[in-house]
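Trainee: Before we go through this chain, could you show me how each label is earned from a value and a cut-off?
Mentor: Let us look at the structure and then take the labels in turn.

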Amino acid sequence: MATPSSDAADQFDQFDDEESEQQLGATASGRKRLFSKELRCMMYGFGDDKNPYTESVDFLEDLVIEFITETTHKAMEVGRPGRVQVEDIIFLVRKDPRKYARVKDLLTMNEELKKARKAFDEVKYVGE
């Protein structure tokens, strides 16, 4: 039976180092994982296992970060240079009916929440 060479042992050590970095919530590039908890919950909600593979969550997070980055860069080019406004995002998603409908829903919900908070604060203020 052959014993593993020092190169093979170094490769195993490399994998151990990568695993420990991922468990701490950092990527190989040193970027902290921002959405892992939320993505795990979303994946479970869409039918995945309650504890999905870390590699799957990391891959999905990479896709999300890439999408957000690309969309932000495009939005910065559309409107006022160097600024992102709600109208810029609406302009970018206008041709995708699902995204456009979701953005409109979220904006409407945000306005309703603002009104509800304002009404709650007014009632609380009058009651004191």
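**Labels and the values behind them**

Mentor: The accessible surface of the chain comes to about 11,000 Å², and 58% of that surface belongs to carbon and sulfur atoms. Please keep in mind that this is a predicted model, and that 13% of the 128 residues of the chain count as buried.

Trainee: What makes up the chain, in terms of helices and strands?
Mentor: The chain has five helices and zero strands, and from the N terminus on the order of its elements reads α-α-α-α-α.

Trainee: Why is the pair R33 and D58 called a salt bridge?
Mentor: The label requires a side-chain nitrogen of Lys or Arg within 4 Å of a carboxyl oxygen of Asp or Glu. The side chains of R33 and D58 meet at 3.3 Å, N to O, and therefore the pair satisfies that limit of 4 Å. R33 lies in the loop between α1 (6-23) and α2 (36-45), whereas D58 lies in helix α3 (residues 54-78), so the pair ties together parts that are 25 residues apart in sequence.

Trainee: How do you know that R33 and E61 also form a salt bridge?
Mentor: The closest N and O atoms of R33 and E61 are 3.9 Å apart, and because the limit is within 4 Å, the pair qualifies. Since E61 is in helix α3 and R33 in the loop between α1 and α2, this pair ties together parts that are 28 residues apart in sequence.

Trainee: Which distance supports the salt bridge of R33 with D62?
Mentor: The closest N and O atoms of R33 and D62 are 2.9 Å apart. Here R33, in the loop between α1 and α2, is paired with D62 in helix α3, so parts that are 29 residues apart in sequence are tied together. Through salt bridges that share partners, R33, D58, E61 and D62 are joined into one network. The structure as a whole holds five salt bridges.

Trainee: Which of these residues are buried, and how do you decide?
Mentor: Buried means under 20% relative accessible area, exposed means over 50%, and partly exposed is in between. R33 has a relative accessible area of 13% and is therefore buried, D58 is buried at 10%, and E61, at 0% relative accessibility, counts as buried too. D62 has 34% relative accessibility, so this residue counts as partly exposed.

Trainee: Why is T71 called buried?
Mentor: T71, whose place is in helix α3, has a relative accessible area of 17%, and because this is under 20%, T71 is buried. Leaving aside its neighbours within four places in sequence, T71 is in contact with I89 and L92.

Trainee: What makes M109 partly exposed?
Mentor: M109 lies in helix α5 (residues 97-127), and its relative accessibility is 42%, which falls between the cut-offs of 20% and 50%, so M109 counts as partly exposed. Together with L106 and L113, M109 forms a nonpolar patch on the surface, and the accessible area of the three together is about 260 Å².

Trainee: How many of the contacts join residues at least 24 apart in sequence?
Mentor: Among contacts in the chain between residues at least 6 apart in sequence, 27% join residues at least 24 apart.

Technical notes. Residues numbered from 1 in each chain as written. Predicted model: local features only at pLDDT ≥ 70, side-chain atom pairs only at ≥ 80, totals over all residues. Heavy atoms only, no water. Patch = residues over 30% accessible without salt bridge, like charges linked within 9 Å, V, L, I, M, F, W, Y side chains within 5 Å. Areas by Shrake-Rupley, 256 points an atom, 1.4 Å probe, with all protein chains shown as cover. Helix = DSSP H or I, 4+ residues; strand = E, 2+ residues; numbered from the N terminus. Buried < 20%, exposed > 50% of the residue type's maximum accessible area, 1.4 Å probe, protein only. Contact = heavy atoms within 4.5 Å.
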